[in-house]
Amino acid sequence: MSEQTKLLRIYTDEAAYYGDRKVFEVVASKARDARLAGVTVLEALIGFGRSAHLHRRHVLESDRAVVIEIVDTDARLRTFVSDLSDVPGIGLMTLEAVEVLGAELSASATQPE
């Protein structure tokens, strides 16, 4: 892979919905449909953002902070972010360079069909 690998982090919460699906499920599904190299959804024990609303598991409801991590090239991730513009409930998004050590990104995952 000639272009540097990047890590996109998308912050949301369990209570965020897009239609009848949770936002983190929609994002993960869109990432798979876009054939991005990899996605992981992480549930945080506790978290807050700009609003200072504390996201955590409650007795009667689940409102934990969720982080979606997606790995691919810079260009593919930037295109993917632009495709998320219609999805509500997405908070902060960050993009950083990473060095892949344990596995190489497969050529089929990073090449459009």
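Start by selecting Ile10. Leaving out residues up to four places away in sequence, Ile10 touches Val27, Val66, Val67, Ile68, Ile70, Phe80, Leu84, Ile90, Leu92 and Met93; contact here means heavy atoms within 4.5 Å. Before you go on, note that this is a predicted model, in which local features need pLDDT of at least 70 and side-chain atom pairs count only at pLDDT 80 or more, while totals for chains, interfaces and linings use all residues. Residues are numbered from 1 along each chain as its sequence is written, and side-chain values use heavy atoms, with hydrogens and water left out.

**Stop 1: the core**

Keep Ile10 selected and add Val27, Ile68, Ile70 and Phe80. These five have the most contacts inside the largest nonpolar core, which has 16 residues. A nonpolar core is a set of buried Ala, Val, Leu, Ile, Met, Phe, Trp, Tyr and Cys residues joined through side-chain atoms within 4.5 Å. Buried means under 20% relative accessible area, exposed means over 50%, and partly exposed is in between (1.4 Å probe, protein chains only). Which elements each supply at least two residues of this core? They are E1, H1, E7 and H2, and H1 gives the most, with 5 residues. In these names, H marks a helix (DSSP H or I runs of at least four residues) and E a strand (DSSP E runs of at least two), numbered from the N terminus.

**Stop 2: the sheet**

Now switch to a cartoon view and look for the strands. An open sheet is formed by 4 strands in the order E4-E7-E1-E8, with antiparallel pairing. Two strands pair if DSSP finds at least two bridges between them. At the edges you will find E4 (38-43) and E8 (93-97), each pairing on one side only. From one strand to the next, the twist averages 20 degrees; angles run from 0 to 180 degrees between N-to-C directions, with axes fitted to C-alpha atoms, for helices over the stretch in contact.

Select E7, residues 65-73. Because 7 of its 9 residues are buried, E7 is largely enclosed by the rest of the structure. E7 pairs with E4 in the antiparallel sense over 6 bridges, and with E1 over 9 bridges, also antiparallel. Zoom in on Glu69 in E7: Thr40 stands opposite this residue, and so does Arg9. Then move to Ile70 in E7, the bridge partner of Val39.

**Stop 3: helix H1**

Next, select residues 23-33, which make up helix H1. H1 lies across E1 (5-13), E4 and E7, running at about 10 degrees to E7. Which residues of H1 are buried? They are Val23, Phe24, Val26, Val27 and Ala31. They cover an arc of only 160 degrees around the axis, so they sit on the same side of H1; the arc is that of the directions from the helix axis to the C-beta atoms. This buried set packs against E1, E2 (17-18), E3 (21-22), E4, E7 and H2. Turn the helix around to find Arg32 and Asp33, exposed on the other side of H1.

Step just past H1 to Arg35, in the loop between H1 and E4. Arg35 has a positive phi of about 55 degrees although it is not a glycine. Most residues other than glycine have a negative phi. Arg35 counts as partly exposed because its relative accessibility is 28%.

**Stop 4: helix H2**

Select residues 74-83 to see helix H2, which lies across E1, E7 and E8 at about 135 degrees to E7. Is Asp74, in this helix, buried or exposed? Asp74 is buried, with a relative accessible area of 16%. Its side chain makes a polar contact with the side chain of Arg78 (2.9 Å). A polar contact is a pair of N or O atoms within 3.5 Å; within protein, one must be able to donate a hydrogen and the other to accept it, and residues adjacent in sequence count only if both atoms are side-chain atoms. Leaving aside neighbours within four places in sequence, Asp74 is in contact with Glu3, Gln4, Lys6 and Leu95.

**Stop 5: back to Ile10**

Finish with two residues that touch Ile10. Met93, in strand E8, is 83 residues from Ile10 in sequence, while their C-alpha atoms are 4.5 Å apart. Met93 counts as partly exposed, at 34% relative accessibility. Leu92 lies in the loop between H2 and E8 and is exposed, with a relative accessible area of 55%. Beyond its neighbours within four places in sequence, Leu92 is in contact with Arg9, Ile10 and Tyr11.
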